[in-house]
Amino acid sequence: MQWSHPDVQGDVPPPCRAHTATLVDRKIVIFGGGEGPVYYDTVYVLDTVHRRWQKVDFPADAPHPTTRRAHTAVYYDGKIWVFGGGNGSQALNDVWTLTVNCPIEKMKWTKVEIQGNKQPSARGYHTANLVRNIMIVVGGSDGRECFSDIWCLNLGKILFVLLQTLEWGYSRVNSRPRYTSLGPGATRGGAPSTFSQRHTSGIVSVHHWRSRWKFLQFRYTIFQPW
Amino acid sequence: MNNPLTHRASRSGLSTRTSRSGRATPHTLGQTSTHPNGTTPHLPSSSARVRLLPYLPHSKDSEVAPTVQMYWSKAPVWGTMPNHGMRAHSVTLVDPVAWIFGGCDERGCWKDLWLFNTGNYVGSPSGVLFRLTRGLS
């Protein structure tokens, strides 16, 4: 359990918070984020083998998502799928893909047209985890209201489905989860673990096809992670 | 072995133990140990050491809980540690190494990169690395 502070070369991104970082073949792709009143729409790639940053340049006339932060991203089928976030004046609910299974100079943004008429309301600070071909979006906020709904975006069919969840013994799971992580064990079982910060002091998992919440009990020692 | 970190080897909740009266009793949830920090009483040297409760190096006084529950405890980290707070940063796991970028604290946002190797090794004053017993990852 060693910390280190490596030297990195190349185009180091500016100071940044609330961006996404997506692993693609030992490269970390950073999109969006911001600092203070500034919002970014830039893409940087960090090669973890050579420890080198590279800024991705896109043609000026190519389609491109607006600046945003507190969005989410998952990697599926050679593309990074980006959902939601906020641009400083409003929350967003658009979906974009960045084609990344190609040389960096060929990377390309595409706006995803959602099939059907169902879609989550505009939101940031939600979580998104990929389970097989489904991007599961939990909670979030539009700056006024916090959400507790769960949406499954089928990335093959480009279809959003609202999950009807059943309470499973623990009332607090219904309050707005924020910031999730997905454990490798949970992936195999098809149930992402949702790490919820601030609003609920616990970890809950939702089984996405049994549609049930489960609260994983924890004991605290002196360490509280938030 | 005198390394206390290896004492976690027998944290199984399925083990039986020999009580002070010499009678083996199955471990049940919620059972409290006769020893305040969870170790078994001193046994003859021929007996195996059995630990019924997890050893929490940084929290000797935490409440007794069933071993099937999970515990938070502070990780035994070493190396060049971050010199500022972080929130809204990103953490990307590449094999055992977490790559941590950006984020902010009350002073502003950061553009630096930190690596945290989650491998189960800890340093010692002699420079020798000890491996923790199988636990996280």
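**Entry 1: a strand pair in chain A**

I began with strand β4 (residues 27–31) of chain A and found that it pairs with strand β7 (residues 43–47) of chain A in the antiparallel sense, over five bridges. This is a predicted model, and I read every entry below with that in mind. To fix the register of the pair I looked up A:Ile28, whose bridge partner in β7(A) is A:Leu46.

I then asked in what order the strands of the open sheet stand. The sheet has five strands in chain A, in the order β2-β8-β7-β4-β3, and I noted that the pairing is mixed. At the edges stand β2 (9–10) and β3 (20–24) of chain A, each with a single partner strand, so one side of each is left without a neighbour in the sheet.

**Entry 2: the nonpolar cores**

Next I looked up the largest nonpolar core, which has 36 residues. The residues with the most contacts inside this core are A:Ile30, A:Trp81, A:Val82, A:Met135, A:Ile136 and A:Val137. Which element gives the core its largest share? I found that strand β14 (residues 134–138) of chain A does, with five residues. I also recorded a second, separate core of five residues, which includes A:Cys16 as well as B:Cys104, B:Cys109 and B:Trp110.

**Entry 3: strand β14 of chain A**

Since β14(A) had come up in the core, I followed it further and asked why it can be called largely enclosed by the rest of the structure. Five of the five residues of β14(A) are buried, and therefore the strand is largely enclosed; the cut-off for buried is 20 or more other C-beta atoms within 10 Å. I checked the two faces separately and found both covered, with A:Ile134, A:Ile136 and A:Val138 buried on one side and A:Met135 and A:Val137 buried on the other.

For its pairing, I noted that β14(A) runs antiparallel to strand β13 (residues 127–131) of chain A over five bridges, and that A:Ala128 has A:Val137 as its bridge partner in β14(A). β13(A) and β14(A) form a hairpin with two residues between them, and in the turn A:Arg132 has a positive phi of about 55°. Five bridges also join β14(A) to strand β15 (residues 150–154) of chain A, again antiparallel, and here I found A:Val138 opposite A:Ile150 in β15(A).

**Entry 4: positive phi values in loops**

The turn residue made me look up other positive phi values. A:Asp77, a residue other than glycine, has a phi near 55°, and I located A:Asp77 in the loop between β9 (72–76) and β10 (79–86) of chain A. Is A:Asp77 buried or exposed? With 11 other C-beta atoms within 10 Å, A:Asp77 is exposed.

A:Ile158 also has a positive phi, near 55°, and its place is in the loop between β15 and β16 (159–162) of chain A. I noted that A:Ile158 is partly exposed, with 15 other C-beta atoms within 10 Å.

**Entry 5: the two domains of chain A**

I turned to the division of chain A into domain 1 (1–112) and domain 2 (114–226). The contact between them takes 17 residues from domain 1 of chain A and 20 residues from domain 2 of chain A. On the domain 1 side that touches domain 2, β9, β10 and β11 (91–99) of chain A each supply at least two residues, and β10(A) gives the most, with five residues. By class, I recorded this side of domain 1 as nine nonpolar, seven polar and one charged residues.

**Entry 6: chain B and B:Asp105**

How many helices and strands does chain B have? I found zero helices and 11 strands. Of the 137 residues of chain B, 15% count as buried. Among contacts in chain B between residues at least 6 apart in sequence, I noted that 31% join residues at least 24 apart.

Last, I looked at B:Asp105, which sits in strand β7 (residues 104–105) of chain B and is partly exposed, with 15 other C-beta atoms within 10 Å. Leaving aside its neighbours within four places in sequence, I found B:Asp105 in contact with B:His84, B:Gly85, B:Met86 and B:Arg87. I also checked B:Asn83, which is 22 residues from B:Asp105 in sequence and 11 Å from B:Asp105 in space, C-alpha to C-alpha.

Definitions and conventions
Residues numbered from 1 in each chain as written. Chains lettered and ligands numbered in written order. Predicted model: local features only at pLDDT ≥ 70, side-chain atom pairs only at ≥ 80, totals over all residues. Pairing = 2+ DSSP bridges. Helix = DSSP H or I, 4+ residues; strand = E, 2+ residues; numbered from the N terminus. Core = buried A, V, L, I, M, F, W, Y, C linked by C-beta atoms within 7 Å. Buried ≥ 20, exposed ≤ 12 C-beta atoms within 10 Å, placed from the backbone. Domains from an automatic or database assignment. Contact = placed C-beta atoms within 7 Å. Nonpolar A, V, L, I, M, F, W, Y, C, P; charged D, E, K, R; others polar.
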